[in-house]
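Colleague: I have the model open and I'd like some practice reading it. Could you take me through a few features, starting with the nonpolar core?

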Amino acid sequence: MIKAILIFNNHGKPRLSKFYEHYSEDTEQQIIRETFHLVSKRDENVCNFLEGGMLIGGSDNKLIYRHYATLYFVFCVDSSESELGILDLIQVFVETLDKCFENVCELDLIFHVDKVHNILAEMVMGGMVLETNMNEIITQVDAQNKMEKSEVRIFDHENSQSPSYI
Amino acid sequence: MPAPIRLRELIRTIRTARTQAEEREMIQKECAAIRSSFREEDNTYRCRNVAKLLYMHMLGYPAHFGQLECLKLIASQKFTDKRIGYLGAMLLLDERQDVHLLMTNCIKNDLNHSTQYVQGLALCTLGCMGSSEMCRDLAGEVEKLLKTSNSYLRKKAALCAVHVIRKVPELMEMFLPATKNLLSEKNHGVLHTSVVLLTEMCERSPDMLSHFRKLVPQLVRILKNLIMSGYSPEHDVSGISDPFLQVRILRLLRILGRSDDDSSEAMNDILAQVATNTETSKNVGNAILYETVLTIMDIKSESGLRVLAINILGRFLLNNDKNIRYVALTSLLKTVQTDHNAVQRHRSTIVDCLKDLDVSIKRRAMELSFALVNGNNIRGMMKELLYFLDSCDPEFKADCASGVFLAAEKYAPSKRWHIDTIMRVLTTAGSYVRDDSVPNLIQLITNSVEMHAYTVQRLYKALLDDISQQPLVQVSSWCIGEYGDLLVSGQCEEEEPIQDEVLDVLEGLLVSNLSTPVTRGYALTAIMKLSTRFSSVNRIKKVVSIYGSSIDVELQQRAVEYNALFKKYDHMRPALLERMPIMEKTATNGPTEIVQTNGETEPSVLDTKHPPPVTQPANQVRTLKQFWYLHSVLCCCSDPVSPWTFQLQLLSPSSNVVPALNQGTVTQVIRVLNPQKQQLRMRIKLTYTHKGSPVQDLAEVNNFPPQSWQ
């Protein structure tokens, strides 16, 4: 089971945080900070697996991470997940984001956090992997976005590029 | 009221903040605006406000006042509202808030909605944060959706069912009929989640496990199709067809075949096929191989297959990719108990991994190396491990040192080798060894009688080089105290020190800032012991008297007692400071455990000459104290005016162990010098533990025959 999915940048600022187990708000922030500390210390050419920090369950849980340019993608999993499989999952996730946002960069994730959540919801549900086929995920996300757009009746003149309530 | 600002405006504004305080101010302002907007029950822009709230929540600011708003959004008819509302529910709510139960009805309605995406949202939320009550109420709906033909909904329903089962295990039976034709689906998403569901059910219930064993042929067939199917663009990841599904099926096969011969038999072929045909140049292939290896090791596979698996792991160890090496080491650690010989073949590769730069790999290689040490390879392995101890990070040193000690104890080819190894550890990682290693080491040295001279000489030399590592210093000073006569007597192989040099070194320990109080205690006692082994008694007397006024209470007490030993009890000094006898390991006296030598509590008469198993020189002082206690006990029975009418000499008891059930006795001779012919009376106090609780027994002997004291 995946316990948490975190995306933060090289300075530790969270860009996405999704927990599949309940923690209090304070603990969540502490976990993000602790994970950042553990992951940022790692050299570039060491393996991508770490024991989890104390807050997230210690050595029973592992942190599997990938570093892309300015962002760290960290999946915190327990022993029932295959480490190499999760590495592939991170890759699929990033490729999906890339397809959805056209050459995704950190700014995309910053300004469209809700969309990233929607994409993630089509891939991982309740801590378990739901769908890994990139095209399938994108099709569904696009269909739902279309539904949202069709509901917008007020046309915002300043933002005629992207009609949306949000 | 103007329309609330858009999410991206907010984000843009927050990003211009240059300090934390500025950011906090902006967020507080926006929160206030959002709150008033909520109060006005603004339906149009509620979703916008909640989206902004969720963003602020991610940054770490409190957002609980938006919880009810999320519920209102979920109840709305608009898809946009529902989407943000459900997301907010997943991020802000959980079963600890009572508010979440209000969602149940909304979710129920949405599970039956006409639009599949709304149904999907409801399933997703239920599957993420549904409480047991919610799951109980809505399990029926989920079960219905598990049987639908819509693959989008079916896969979500499967994972939702997993969550329901985790929360309310009794409901597992309910989903059984729906699982009947899950595996005949073509859609990979549904297949994947169905396998997850089946895995969960099998892990939770042995009945389910036996029930689903009949699916093994079907699973094997699906796996075969995946491997043989050739290129299919939709499921392809780096040239392999749906590796995620392959890995999942392999895991389920592992669980199904675990203790079952027939299932394992049915899987053998496909496992061999996967193991040999998978492309290993990319991570994907290795992920599948890794899972295959784990499955082979776990089920009752034939031995050829097991050897194949371990060889795959051995190949992984040589891979350039660190991740692959890591998982290989982890798996080998799991299998080393059962397939020891096969893993031994890869020993040299594993030992090479000790030199890797990656900390995680080093740790695993170290653990695996210790598991592989046996009588045959002890010398070679120990060389590598000691080299590793020299150069590794401090976080490893304690574990490595303990491991070396354990391995040396079990497999040492000779006593000299053993002592050399221990010395090497103490000199290279002396400050990291565990506390109990000092007494263990002292015991080992005491018991290797023929090595005393060699040991004390080497320890003395080590002490000359470096006095900063406390365990080493403690062991050395103890040995010098015990065997100092051997050190200066010409038995050593090299140039021997003279007595004054040795005393210089020990006194140096006493004054050095590097020595801890415990070490100082060791040094003082060692100096004292040398008073019976060396000739420079006056110098020792002087040192001891100086420390009689030390600030450290423990040192002061020792010095005062030793002083007393010089002054009033000089005749007892040789006997008291005699060589320590050979010690038994922890005094486990068999099934009855009546006499347990524990000098920590009240002294027992039988114990005075035999120090308790936890051998620290501190107990030598206790031995002295015990002696005096006995002495005063005896004397107080006699003439109160002149208490010191007796002189006693206690000889060793005939044995350390009192046999159980009256099968034997222990005798101890006490020589009494009774110049004034006073009546002898003896009081005996026995303390022991019986079944874990301390017991005390007092007895008095008054009926010594008159001839013995007259």
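Colleague: Which residues touch the most other members of the largest nonpolar core?

Modeller: General idea before the case: a nonpolar core is a set of buried Ala, Val, Leu, Ile, Met, Phe, Trp, Tyr and Cys residues joined through side-chain atoms within 4.5 Å. Buried means under 20% relative accessible area, exposed over 50%, and partly exposed in between, with a 1.4 Å probe and protein chains only. Here the largest core has 225 residues, and A:I2 and A:F93 touch the most other members. There is also a second, separate core of 32 residues, including B:L7, B:C47, B:V50 and B:I84.

Colleague: What should I keep in mind about the model itself?

Modeller: This is a predicted model, where local features need pLDDT of at least 70, side-chain atom pairs count only at pLDDT 80 or more, and totals for chains, interfaces and linings use all residues. Residues are numbered from 1 along each chain as its sequence is written, chains are lettered from A and ligands numbered from 1 in the order in which they are written, and side-chain values use heavy atoms, with hydrogens and water left out.

Colleague: Back to A:F93, then: what is it in contact with, leaving aside neighbours within four places in sequence?

Modeller: Contact means heavy atoms within 4.5 Å. With those neighbours set aside, A:F93 contacts A:I7, A:F73, A:F75, A:V116, A:I119, A:L120 and A:M123.

Colleague: Which residues of helix α4 of chain A are buried?

Modeller: Helices (H or I, at least four residues) and strands (E, at least two) are DSSP runs, numbered from the N terminus. In α4(A), residues 113-123, ten of the eleven residues are buried, so the helix is largely enclosed by the rest of the structure. Among them are A:V116, A:I119, A:L120 and A:M123, along with A:D114, A:H117 and A:E122.

Colleague: How do I read a helix pair, say α2(A) with α17(B)?

Modeller: You describe two packed helices by the angle between their axes and the distance between the axes. Axes are lines fitted to C-alpha atoms, for helices over the stretch in contact, and angles run from 0 to 180 degrees between N-to-C directions. Under 35 degrees counts as roughly parallel, over 145 as roughly antiparallel, 65 to 115 as roughly perpendicular and the rest as oblique. Helix α2 of chain A (residues 83-101) and helix α17 of chain B (residues 322-335) pack at about 150 degrees, axes 10 Å apart. That makes α2(A) roughly antiparallel to α17(B). A:E83, A:L84 and A:L87 on one side meet B:N323, B:I324, B:Y326 and B:V327 on the other.

Colleague: And α4 with α6, both in chain B: parallel or antiparallel?

Modeller: Helix α4 (residues 67-75) and helix α6 (residues 103-111) of chain B pack at about 25 degrees, with axes 10 Å apart. α4(B) and α6(B) are therefore roughly parallel. From α4(B), B:L71, B:I74 and B:A75 meet B:M103, B:C106 and B:D110 of α6(B).

Colleague: Where does A:E81 sit, and is this residue buried or exposed?

Modeller: A:E81 is in the loop between β5 (71-77) and α2 of chain A, and at 10% relative accessibility A:E81 counts as buried. Setting aside neighbours within four places in sequence, its contacts include A:M1, A:I2, B:R248 and B:R251.

Colleague: What about B:C128?

Modeller: B:C128 lies in helix α7 of chain B (residues 116-129) and counts as buried at 13% relative accessibility. Beyond four places in sequence, B:C128 contacts A:Y20, A:M125, A:G126, B:M90 and B:H163.
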